[in-house]
Amino acid sequence: MKNVDVLVIGAGAAGMAAALAAAEQGAKVLLVEREDRAGGILNQCIHNGFGLHYFKRELTGPEYAEIFREKLERSGIDTCVEKFVLEVDVKKREVIVVSKKGIEKIHPKSLILATGARERPFGSLLIPGDRPSGIYTAGVVQRLINIENRLPGKRALILGSGDIGLIMARRLTLEGMEVVGVVERLPYPGGLLRNVVQCLEDFDIPLFLSSTVVEVRGKERLEEVVVASVDEKYNPIPGTERIFKVDTLVLSVGLIPQVELVSDFVEIDRSSKGFAVSNTGQTSVSWIFAAGNSTVIYDLVDYVTYEGEIAGRSAVRYIDGKDVGRARVNVEAGENIGILFPKWFDPLEDLTMYIRVRKPIEKGILIVEGVLERKIENLVPSEMIRIKIPKSRINASEKLKVFIKEE
């Protein structure tokens, strides 16, 4: 049995930042990670583009993670790897952890969930056909190539134009595989524009918009993938089928926040599918905080780090008896807003909002009712808007409504 001030579950970008921020406030912190080293998904993201906001310089994923691992070592935080959280008992405030050494019970005064996200699997897509080998999620392919030094096949098609799918299209090409195209059911790319340019256009990889996979064929190994165009309701259009002869299908069809550990007693946000939290990172259970992709899917790791730090500081505030969560204001999504984070505003912290639009918008005005109006241009759902509002500017007592008025 172990007693700690703050227990952080997950040592990715959010978890490491949260642990460090809590320790800086004088708390006794335990950081638990199921993999064999801290860093999370950053360890296999060898491409650059990380750290431009947080460190003001461009880093690869492993470089970004290493900076935080070194900070953890210097801080003296108890970082435990290869430990899996089996259960959280909210009534007893008890967390049961399993490792090679056995089972431990941990009693934290405050808990921070930084459990990240998982990839949407092939089975959830309900694509008819055979069930051959050769179908992978983009994250698995990334691990095979970047960590295990193994190619998944010789000729690939990628379903979904999310950022990791775009990045893997380039990576597979550089490693000698032929990428015949990227298929996207939406009429616009799902990833950042810079990744469309750098990963597809620079390598002459076709992008098939308003299209989807309607069948996979193969005996033991994937042999063919059938792709068809879709209408406005994403229904396949008969007669538009194309056959791609490939041995590999890579899925980049979205990430799902990992909330299963405590979803029975912590409120889940309907739109993001992640933990509903305030701008302090506090969930619907007062002593439990959350940060990172377990709350909402971010497009930049820098944002994940910022929110992890806020959750770490707030968890210690809660332990110290300060009024965390006692004056919450609802933050409500209105017209043209697809994703709005956080769900509540707590006046103890400035309000940083993360917004994804519901559809592409060329010109409009972002309105936080009674607080802010800002002109916006060329917005797409794949790119996140980050708006920071000082707490002193917000006088709302019941709700803050956020919407976009198109011009």
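The following exchange deals with a predicted model and with the reasons behind some of the terms applied to it.

Student: Why is the protein called as compact as a globular protein of its length?
Tutor: The secondary structure comes to 6 helices and 27 strands. The radius of gyration is 22 Å, and the globule rule gives 22 Å for 407 residues, so the protein is as compact as a globular protein of that length. Along the principal axes, the C-alpha trace spans about 65 × 60 × 40 Å.

Student: What share of the residues in the protein is buried?
Tutor: Buried residues account for 55% of the 407. The term requires a relative accessible area under 20%.

Student: What share of the contacts in the protein with a separation of 6 or more comes from residues 24 or more positions apart?
Tutor: Such pairs make up 61% of those contacts.

Student: Why is helix α3 described as largely enclosed by the rest of the structure?
Tutor: Helix α3 covers residues 138-146, and 7 of its 9 residues are buried, so the description applies. The buried ones are Ala138, Gly139, Val141, Gln142, Leu144, Ile145 and Asn146.

Student: What covers the buried residues of α3?
Tutor: The cover includes the strands β9 (117-119), β10 (135-137) and β17 (248-251), together with the helix α4 (163-174).

Student: Why does Thr283 count as buried?
Tutor: The cut-off is under 20% relative accessible area. Thr283 has 0% relative accessibility, so it counts as buried. Its place is in the loop between β18 (255-257) and β19 (288-290).

Student: Which residues does Thr283 touch, leaving out those up to four places away in sequence?
Tutor: Thr283 touches Val266, Ala276, Val277, Ile288, Phe289, Ala290, Arg328 and Trp344.

Student: What makes the approach of the Thr283 side chain to the backbone oxygen of Ile288 a polar contact?
Tutor: The distance is 2.8 Å. A polar contact needs N or O atoms within 3.5 Å, one able to donate a hydrogen and the other to accept it. The side chain of Thr283 and the backbone oxygen of Ile288 therefore meet the distance limit.

Student: How many cavities of 30 Å³ or more does a search of the whole structure find?
Tutor: The search finds 1. The largest cavity holds about 30 Å³ of space.

Student: Which residues line the largest cavity?
Tutor: The lining consists of Val277, Ser278, Gly281, Ala290, Ala291, Gly292, Thr295, Tyr298, Glu307 and Phe341. Val277 and Ala290 are also among the residues that Thr283 touches.

Student: How does the lining of the largest cavity divide into nonpolar, polar and charged residues?
Tutor: It divides into 5 nonpolar, 4 polar and 1 charged. Gly counts as polar under this scheme, and Gly281 and Gly292 are in the lining.

Key: Residues numbered from 1 in each chain as written. Predicted model: local features only at pLDDT ≥ 70, side-chain atom pairs only at ≥ 80, totals over all residues. Heavy atoms only, no water. 1 Å grid on protein atoms, 1.4 Å probe; cavity = no way out; pocket = protein on both sides within 12 Å on 5 of 7 lines; lining within 4 Å. Points joined across faces, edges and corners; volume = space filled by probe spheres on them. Helix = DSSP H or I, 4+ residues; strand = E, 2+ residues; numbered from the N terminus. Buried < 20%, exposed > 50% of the residue type's maximum accessible area, 1.4 Å probe, protein only. Contact = heavy atoms within 4.5 Å. Rg over C-alpha atoms; globule rule 2.2 N^0.38 Å.
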